Amino acid sequence: MKEITKIVITGGPCAGKSTAMSWVQKAFTQMGYSVLFVPETATELITGGVAPWTCGANGDYQKCQLKLQLDKEAVFEQAAMTMAAEKVLIVCDRGALDNKAYMNDTEFSQVLEFLGTNEIELRDNYDAVFHLVTAAKGAEEFYTTANNAARTETLDEAAALDDKLISAWTGHPHLRVIDNSASFEEKMKRLVAEISSFLGEPEPFEIERKYLIEYPDLEWLESIPNCQRVEIIQTYLKSENDEEVRVRQRGYDGHYIYFQTTKRKVSDIRRVEIERRLSESEYIRLLMNADTTKRQIRKDRYCLTYKNQYFEIDVYPFWNDRAIAEIELSDENAEIVFPEQIKVIKEVTDDESYKNASLAKV
């Protein structure tokens with residue numbers, strides 16, 4: 001069965017994306033993938049004379065760029081379907097939600113209306129997003145505009161734009177932020193390791209830590225740009241004893257996407273996890289196989305990026321004094337730094353009573 005995965009490599013100006021593409025091609029070709037690259041659309045248009053300052057207005061330019069971006073991705077996906085390779089990795093040099101960082105809210109709404117789509121569809125149309133932090137944050141001595149004719153940002157502007165890009169993608173189910181805390185070579189190795197972990201190479205392990213926290217300040221969460229609320233309905237299906245199978249509706253404002261997830265426990269914090277995207281009709285059909293010994297789990301998830309970490313804070317309707325905060329890691333020993341507004345009660349990673357499957361028991 002052909003496996004096609006579409007990911008985004010994004011980041012602020014002078015983050016190392018061009019170099020990252022060669023690292024990704026070499027690493028994943030060696031792993032047996034046919035690696036396809038969708039070129040960055042903004043550079044393509046701007047160097048060709050189509051830019052925000054040559055079009056009638058910024059909104060006019062953004063309509064052109066986003067339409068071309070989506071058309072190019074569709075062509076690459078169509079081509080991937082015809083290829084003999086069993087594993088195809090489509091790598092997008094920036095994705096659709098990058099455009100949001102270059103627009104105000106009114107312009108973004110107008111572009112969505114022009115394309116006949118919504119933010120959920122654009123954002124979650126990718127399987128994973130990997131953000132490389134600009135050199136302007138933590139590696140200032142290496143920041144330059146000399147290697148890209150379309151790059152004009154100053155150091156401060158590049159850092160601010162990097163923050164906007166992270167905020168634009170916050171809310172995606174699989175967002176990873178890779179900073180400049182080590183050498184540039186180590187940054188590239190971390191990117192390859194994060195993509196490998198997501199793809200399940202060599203196995204689809206999920207390393208997750210979970211914390212019981214005090215009920216969060218929802219007004220604060222909803223006021224900050226690096227946080228996005230997502231509505232989730234999770235239904236458990238009948239399955240074998242050693243597996244947990246669930247389907248999930250995920251989105252907000254009436255726009256949803258659907259997933260099926262199968263998990264098998266390996267250790268207290270490590271599990272084999274296989275996830276696939278569903279159509280709405282597939283999702284509805286699978287609901288007919290719901291495990292009637294468990295109730296549906298409904299929750300609001302606040303996806304929060306903080307210090308290049310990606311937290312998922314789950315607020316349940318049956319609790320008014322506590323919530324659950326989760327973070328996925330590529331390294332079991334990685335240090336976790338919580339915002340001061342989040343008050344941790346205790347870690348519950350290996351406490352079965354706080355797992356969704358236990359909370360779902362009737």
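The exercises below concern the cavities of this predicted model.

**Exercise 1.** How many cavities of 30 Å³ or more does a search of the whole structure find, and what is the volume of the second largest?

*Solution.* Step 1: the search of the whole structure returns three cavities at the cut-off of 30 Å³ or more. Step 2: the largest cavity holds about 300 Å³ of space. Step 3: the volume of the second largest cavity is about 50 Å³.

**Exercise 2.** Determine which residues and elements line the largest cavity.

*Solution.* Step 1: the lining consists of 23 residues. Step 2: those nearest the centre of the cavity are Glu208, Arg246, Arg248, Lys263 and Glu326. Step 3: elements that contribute two or more residues include strand S6 (205–214), strand S9 (255–265) and helix H10 (356–359). Step 4: the most comes from S8, which supplies four residues.

**Exercise 3.** Sort the lining residues of the largest cavity into nonpolar, polar and charged.

*Solution.* Step 1: four of the lining residues are nonpolar and two are polar. Step 2: the charged class has 17 residues.

**Exercise 4.** Describe the lining of the second largest cavity by residue, element and class.

*Solution.* Step 1: the lining residues are Pro173, Arg176, Tyr310, Glu312, Glu326, Ile327 and Glu328. Step 2: two or more residues come from each of strand S12 (309–315) and S13. Step 3: S13 gives the most, with three residues. Step 4: by class, the lining has three nonpolar residues, no polar ones and four charged ones. Step 5: Glu326 belongs to this lining and is also among the residues nearest the centre of the largest cavity.

Note on methods. Residues numbered from 1 in each chain as written. Predicted model: local features only at pLDDT ≥ 70, side-chain atom pairs only at ≥ 80, totals over all residues. Heavy atoms only, no water. 1 Å grid on protein atoms, 1.4 Å probe; cavity = no way out; pocket = protein on both sides within 12 Å on 5 of 7 lines; lining within 4 Å. Points joined across faces, edges and corners; volume = space filled by probe spheres on them. Nonpolar A, V, L, I, M, F, W, Y, C, P; charged D, E, K, R; others polar.
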